[in-house]
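Q: I would like a close look at one part of this model, namely its aromatic residues and the packing around them. Please take the reasoning step by step.
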Amino acid sequence: MKDKVIGLRVDVDTFRGTKQGVPNLLRIFKKHKIKGTFYFSVGPDNMGRHLWRMLKPAFAWKMLRTNAAGLYGPEIVLMGTAWPGLQIGKRLGNVIKAAHESGQEIGLHAWDHHRIQAKVDKMKAEQIRKSLKKGVDCLTAICGEAPVSSAVPGWRCTDSLLEEKAGFPFVYNSDCRGTHIFRPVLNGKPLDQVQVPVTMPTYDEVVGRDGITDDNYNEYMLKKLKPGELNVLTIHAEAEGGKCQHMFDEYLTLAIRDGWSFCPLGELAADAGNIPEGRVAQESFPGREGWLGVQR
Ligand SMILES: [Zn+2]
């Protein structure tokens, strides 16, 4: 592995993030001549249902810390509550296709981001399989080829999810937080699909805590990089492709000046060499509500 390389992953959660955030990011990526992996949500945008979760204090606090209305826009309040969520792949297939045609790596985030994030641990294997299939079929129809990877919303990774993913032609997946590329073992057997875990925190996890603000966020994130080790960064089309786009553009300028390069996660997986075995545990995580899949 090269000494200073950052695997760059873009999560696209919403209709608005796809429509506005993705074209903004494609422009910024082109300016810096970089490539990453875009994980698209392609079914209904039901993220407005998150509003109901504001009744939980931890989530309300997070919304206040990160100014979620500013990040996601006012329509998120109604999306998926008052009427059925807009179908992202159906309406914005041209945006997804443009990302693919510009040479970005394309992966599946979800069919229904909200449903998976809220319920994946309670869904039956068959429901998970159907949801994955709808997402894969939709992305395949848009791009003309199957997505090479997938990344479960909210890092809600369970063994049953990994087992269902193994039935799809993903080359690798990115479903958890961790420190190095590994091969999950299920029922005593290592899976073909390796995991490329996310190593860096996300914007909404750190801003508003421990004195981190928009003014020192880039500096904080640059200090977190570890030369010679796995560095995987997740950005969101809704944040770094929206309100935070100038800050992110500046981050790229600074990182590249410091000698860092960026690549899709698939390149890291392909270069990994000898891959150790591991497993994914479900644990609480700083700055996030509920549990996340964490490499153990
Ligand atoms: Zn997401």
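How many helices and how many strands does the protein chain have? Against that background, which residues have the most contacts inside the largest nonpolar core, and how many aromatic pairs are there?

A: The model is predicted, and the values that follow are computed from it. The protein chain has 12 helices and 13 strands, and of its 296 residues 57% count as buried. Among the contacts in the protein chain with a separation of 6 or more, 74% are made by residues 24 or more positions apart.

The core is a useful place to begin. The largest nonpolar core has 67 residues, and Phe29, Phe38, Phe40, Phe248 and Tyr251 are those with the most contacts inside it. Helix 6 (residues 125-143) supplies the largest share of this core, seven residues. A second, separate core has 18 residues, including Tyr39, Leu230, Leu265 and Ile275. Three of the names from the largest core return when the rings are examined, since Phe29, Phe38 and Phe40 form one aromatic cluster.

Two other residues of that group, Phe248 and Tyr251, are among the buried residues of helix 11, together with Gln245, Met247, Asp249, Leu252, Leu254 and Ala255. Helix 11 (residues 245-257) has 13 residues and should therefore span 18 Å at 1.5 Å a residue, which agrees with the 18 Å between its end C-alpha atoms. Just after helix 11, Gly259 takes a positive phi of about 95 degrees. When neighbours within four places in sequence are left aside, Tyr251 is in contact with Ile6, Asn218, Met221, Leu222, Leu225, Leu233 and Phe262.

The second core can be followed through Ile275, which lies in the loop between helix 12 (265-270) and strand 11 (277-278). Leaving aside neighbours within four places in sequence, Ile275 is in contact with Ile181, Phe182, Arg183 and Val194. Its C-alpha atom is separated by 9.0 Å from that of His180, although the two residues are 95 residues apart along the chain.

Turning to ring pairs, if two rings are paired when their centres lie within 6.5 Å, the count comes to six aromatic pairs. Phe168 and Phe170 form a stacked pair, because their ring centres are 5.9 Å apart and their planes are at 25 degrees, below the limit of 30 degrees for stacking. Both Phe168 and Phe170 are buried. Tyr203 and Tyr217, by contrast, form an edge-to-face pair, with 5.2 Å from centre to centre and 85 degrees between the planes. This pair links distant parts of the chain, for Tyr203 is in helix 8 (residues 203-206) and Tyr217 is in helix 9 (residues 217-223), 14 residues apart. Tyr203 and Tyr217 are likewise both buried.

The loop between helix 8 and helix 9 contains Asp210. Phi of Asp210 is near 45 degrees, a positive value in a residue other than glycine, whereas most residues other than glycine have a negative phi. Asp210 is exposed, because its relative accessible area is 78%, over the 50% that sets the limit. A further non-glycine residue with a positive phi, of about 50 degrees, is Asn187, found in the loop between strand 6 (183-186) and strand 7 (189-190). With 71% relative accessibility, Asn187 too counts as exposed.

Aromatic rings also meet charged side chains in this model. The charged end of Arg177 sits over the ring of Trp155, 3.9 Å from its centre. Arg156 lies over the face of Trp291, at 5.2 Å from the ring centre. Arg156 belongs to the loop between strand 4 (149-150) and helix 7 (159-165), and it counts as buried because its relative accessibility is 10%, under the 20% cut-off. The C-alpha atoms of Arg156 and Ile116 are separated by 8.0 Å, the two residues being 40 residues apart along the chain.

Apart from the rings, the zinc site deserves mention. The zinc ion is coordinated by Asp13 (OD), His109 (NE2) and His113 (NE2), at 2.1 to 2.2 Å, and its donors follow the spacing D-x95-H-x3-H along the chain. His109 and His113 are both buried.

Definitions and conventions
Residues are numbered from 1 along each chain as its sequence is written. This is a predicted model: local features need pLDDT of at least 70, side-chain atom pairs count only at pLDDT 80 or more; totals for chains, interfaces and linings use all residues. Side-chain values use heavy atoms; hydrogens and water are left out. Rings of Phe, Tyr and Trp (its six-membered ring) pair if their centres lie within 6.5 Å; planes under 30 degrees apart count as stacked, over 60 as edge-to-face and the rest as tilted. Buried means under 20% relative accessible area, exposed over 50%, partly exposed in between (1.4 Å probe, protein chains only). Helices (H or I, at least four residues) and strands (E, at least two) are DSSP runs, numbered from the N terminus. A charge sits over a ring if NZ of Lys or CZ of Arg is within 6 Å of the ring centre and within 35 degrees of the ring normal. A nonpolar core is a set of buried Ala, Val, Leu, Ile, Met, Phe, Trp, Tyr and Cys residues joined through side-chain atoms within 4.5 Å. Contact means heavy atoms within 4.5 Å. Donors are N, O and S atoms within 2.8 Å of the metal (3.2 Å for Na, K and Ca); water is not among the atoms, so sites may look incomplete. The expected span of a helix is 1.5 Å times one less than its number of residues.
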